[in-house]
Amino acid sequence: MFYSLGKYILLLRLSFKKPEKFSVYWSEVMREMVSIGIGSLGIISIISVFIGAVATIQTAFQLVSDFIPKTVVGGITRDSTILEFSPTISALVLAGRVGSSIASEIGTMRVTEQIDALEIMGVNAPGYLISPKIIAGVTMVPLLVIVSVVLGLTGGYIAVFASSDVSTADYLTGLSDGFNPVIVTVCGIKAIVYGFVITSICAYQGFYTEGGSLEVGQSATRGVVYSCVMILFMDLIISRMLL
Amino acid sequence: MIEVKDIYKTFGENEVLKGISAKFKAGKNNLIIGGSGSGKTTLLKCIVGLHEPTKGQVFFDEQNFTEMNFTERVPIRTEIGMLFQNSALFDSMTVEENLMFPLNLFTDKTKAEKLERANFCLERVNLVGSNKLYPAELSGGMKKRVGIARAISMQPKYLFVDEPNSGLDPKTSILIDELISDLTEEYKITTVIVTHDMNSVMGIGDHIIFLHQGKKWWEGSNKEIAHTDNAELNEFVFASKFMQAAKDKI
């Protein structure tokens, strides 16, 4: 374990060495941003609307009492969406979509000697392949999480609109009542950390792939599994430290 | 000139290279031949720095490549072109982008100049008009030729070629050999080719190193190889009935 951790840290250090030519790296960063951001927008939008709707319905179901104001549903949906559902569930989905793609892309480049070709040319392969993905991850995952939060709360609105348990006015009042801005900060920090975790772990798994197509698949699977575990671990750490 | 001195390479318990020393002649086709598992590709990878030798040193024009760090190696690496066994073209890039990639990173040429160089290299390997194709759209022989074009795009001083004929039909193999040989002669490149193709050995082998069980077993030219009394080399080169018949005629 410590050997792998050491290799991971060394790889990250190599990834952030001075680039050979900034313009070439910049275009790679842009390409990765489009791939991670725009490419994941569809799936994030779909799951966010459903999660928001389900969270609202279940909260309303559990708080059926005359002693509890109906506006509480909006407040709980807001907090749970911003703090947990949007960043963490989105990150777990992104680990599957983006992480497996990164690990298999880099792994395939490794087994087909494309990484060797880069090194022969004198290119810092970790820098060229990994740093643009990490930069794109830490910038695009927070943006996706913002979209997810907005759509999650919209999903909640649609759910209350379609049912008679809570009125839309109560829901909207609940969304703004007792809002504590610290949850947005926590959400942002989580998103940045998750973006880093997904891209760096999956890139590491891909970069050290050995063998053929079977091993590429195994690297992608390992990348996704380790990313998911680390996302949940970092969720715990950040929640414990900041809340 | 490229020189290797007392190269050892071990993977775990397996000692693949056992003290190989050799000089690769400047401006010539230098062939490394040997049976499967003899250490040909490992030696090539040790020379270009893809493997670090367990012991021994590699010199490029008397500069000790083995003792350099990654940054110090970059100037030498920009003088190296390499054709990989499976061509190793970048899948996500077109042929033209593959050729322009090293030029983008290591030169200050304008886009027009880079395009001109890419077109020149494609013309040199008879692939004019294939600029916008992706590697997946190319045949095996075309991939090799694009690989060669990419390898010469930076006007290298040293060209390394790993199994240029693998997976190719005999006619295309000869074309690739001739292309490599012509480029070597035309641009005075020091070329090191790993092969076990006997047509290549006889056709373009200016200088041949035969590896056996991780050691240098024989060294000479294609003219000398037919008359050697080295048993292992004879067994390797004249293994087929066709080659045996050719030897008998000689």
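This is a short tour of a predicted model with a chain A and a chain B, one selection at a time.

**Stop 1: chain A**

Select chain A and colour it by secondary structure. You will find 9 helices and 0 strands, so to speak a walk from helix to helix: the pattern along the sequence is α-α-α-α-α-α-α-α-α. Turn the chain around and look at its C-alpha trace, which spans about 70 × 35 × 30 Å along its principal axes. Of the 243 residues here, 46% are buried. Now think about who touches whom. Among contacts in chain A with a separation of 6 or more, 88% join residues 24 or more positions apart.

**Stop 2: chain B**

Switch your selection to chain B. This chain has 10 helices and 10 strands. Its radius of gyration is 18 Å, close to the 18 Å from the globule rule for 250 residues, so chain B is as compact as a globular protein of that length. The C-alpha trace of chain B spans about 55 × 45 × 30 Å along its principal axes, and 42% of its 250 residues count as buried. For contacts in chain B with a separation of 6 or more, the share between residues 24 or more positions apart is 64%.

**Stop 3: the sheet of chain B**

Next, show the strands of chain B as arrows. In which order do the 6 strands of the open sheet lie? Reading across, you meet β6-β7-β8-β3-β9-β10, with mixed pairing. At the edges stand β6 (80–83) and β10 (215–220) of chain B; each has a single partner strand, so one side of each is left without a neighbour in the sheet. From one strand to the next, the twist averages 20°.

As a general reminder, the strands of a sheet pair through backbone hydrogen bonds, in either a parallel or an antiparallel sense.

Zoom in on the β6 edge. Strand β6(B) pairs with β7(B), residues 158–162, in the parallel sense over 4 bridges. To see this pairing up close, select B:M82, which stands opposite B:F160 in β7(B).

Now add helix α1 of chain B, residues 40–48, to the view. This helix packs on the sheet, touching β3 (29–34), β6, β7, β8 (190–194) and β9 (207–212) of chain B. The direction of α1(B) makes about 145° with that of β8(B).

**Stop 4: strand β3 of chain B**

Select β3(B) by itself. How many of its 6 residues are buried? The count is 6 of the 6, so β3(B) is largely enclosed by the rest of the structure. Show the side chains: B:N29, B:L31 and B:I33 point one way, B:N30, B:I32 and B:G34 point the other way, and all are buried.

Then bring back the partners of β3(B):

- With β8(B), the pairing is parallel, over 4 bridges; B:I32 stands opposite B:V194.
- With β9(B), the pairing is parallel, over 5 bridges; B:G34 stands opposite B:L211.

**Stop 5: a helix covered from both chains**

Finish with helix α3 of chain B, residues 95–106. Its buried residues include B:V95, B:N98, B:L99 and B:M100, and also B:F101, B:P102, B:L103 and B:L105. What covers these buried residues? From chain A, the cover includes α2 (22–62) and α4 (114–121). From chain B, the cover includes α4 (111–124) and α5 (140–152). Keep both chains visible for this last view, since elements of each take part in the covering.

Methods. Residues numbered from 1 in each chain as written. Chains lettered and ligands numbered in written order. Predicted model: local features only at pLDDT ≥ 70, side-chain atom pairs only at ≥ 80, totals over all residues. Helix = DSSP H or I, 4+ residues; strand = E, 2+ residues; numbered from the N terminus. Buried ≥ 20, exposed ≤ 12 C-beta atoms within 10 Å, placed from the backbone. Contact = placed C-beta atoms within 7 Å. Pairing = 2+ DSSP bridges. Axes fitted to C-alpha atoms, helices over the stretch in contact; angles between N-to-C directions. Rg over C-alpha atoms; globule rule 2.2 N^0.38 Å.
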